[in-house]
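Student: I would like to go through this model with you, one question at a time. Where should we start?

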Amino acid sequence: MTSVVIVFHSGYGHTERLARAVAQGAEGVAGIGMANIAIDASGHVPDDAWAALAAADAIVFGSPTYMGGPSWQFKKFADTSSKVWAAQGWKNKLAAGFTNSGSMNGDKASTLSWFVTFAMQHGMVWTGTGMMPANTKQARRDDVNYLGAFTGLMAQSPADASAAEAPTQGDLDTAVLFGTRVAELANFGRRA
C-alpha cells in the first residue's frame, strides 16, 4: 500500500478543512493509505508522527500563511526535522504543499516557495497542482483553481469567516483534486 501523509498546522480551522479535503482526494485513489498529522498550537506533533512520516511515500505540507510565510508552529516542526535531514530520511519522497490566507493574494506564493525549499533541503521530489487556472471572463469564485496556483494548493478564507464558512467550495474541490494528483503520483512512483 502506498502511504500519503499530510502534516499541517491550522490556526483557526480553515487549513484543517483543506487538509481534510486533500485527504479525501487521496483516499479516493486505490491502494492509498492516508494519515493526517496535526501540528498543535505549541508546534509539536504526536510522538508516533515521525514513524508515519518515515514510512510515507508522499508527504504533503500545510500551513496558513501568516505575515508572508508559514506559521511559526509549522516552522518549529520543520526545524525539528533536522535529525531526519541529517539521516536523509525523506530523500526521494514525493512532496507537495498547501496554504490558506485571508486575502486573495496574501503572499501565499511565499509560503509555497518556503515549502519547496524545505522539501529540497530534505532531497524530496516536489509536485504542484497540475491544474489549469480558472482565468476567463466566465470564471466564478467557486471554480476549480480560481486562484491560479501551480506550485501548490492555494485557498482563501475571509478574515471574518469561520472554518464552517470558508474556504469556498471551489477551493475545497481544488483540494480534493490536488489530493488525488498527489496520491496518483505516489502510486506511480512506488511502481516505477
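Tutor: With a definition: Ala, Val, Leu, Ile, Met, Phe, Trp, Tyr, Cys and Pro count as nonpolar, Asp, Glu, Lys and Arg as charged, and the others, Gly among them, as polar. Keep in mind that this is a predicted model.

Student: By class, how many residues in the lining of the largest pocket are charged?

Tutor: The largest pocket has a volume of about 210 Å³. Of its 14 lining residues, the closest to the centre are Tyr 12, His 14, Tyr 66, Asn 100 and Gly 102. By class the lining has 6 nonpolar and 8 polar residues, and the number of charged ones is none.

Student: Which element gives the most to the lining of the largest pocket?

Tutor: At least two lining residues each come from α1 (14–27), β3 (58–66) and β5 (94–101). The most, 3 residues, come from β3.

Student: How far apart are the end C-alpha atoms of α1?

Tutor: At 1.5 Å a residue, the 14 residues of α1 should span 20 Å. The model agrees with this, the distance between the end C-alpha atoms being 20 Å.

Student: How many residues of α1 are buried?

Tutor: Buried means under 20% relative accessible area. Among the α1 residues that meet this are His 14, Arg 17, Leu 18 and Val 22. The helix is mostly covered, and of its 14 residues the buried ones number 10.

Student: Which residues are exposed on the other side of α3?

Tutor: In α3 (residues 72–80), Gln 73, Phe 74, Phe 77 and Ala 78 are buried. They cover an arc of only 145° around the axis, so they lie on the same side of α3. On the other side, the exposed residues are Trp 72 and Asp 79.

Definitions and conventions:
Residues numbered from 1 in each chain as written. Predicted model: local features only at pLDDT ≥ 70, side-chain atom pairs only at ≥ 80, totals over all residues. Heavy atoms only, no water. 1 Å grid on protein atoms, 1.4 Å probe; cavity = no way out; pocket = protein on both sides within 12 Å on 5 of 7 lines; lining within 4 Å. Points joined across faces, edges and corners; volume = space filled by probe spheres on them. Helix = DSSP H or I, 4+ residues; strand = E, 2+ residues; numbered from the N terminus. Expected span 1.5 Å × (residues − 1). Buried < 20%, exposed > 50% of the residue type's maximum accessible area, 1.4 Å probe, protein only. Arc of directions from axis to C-beta.
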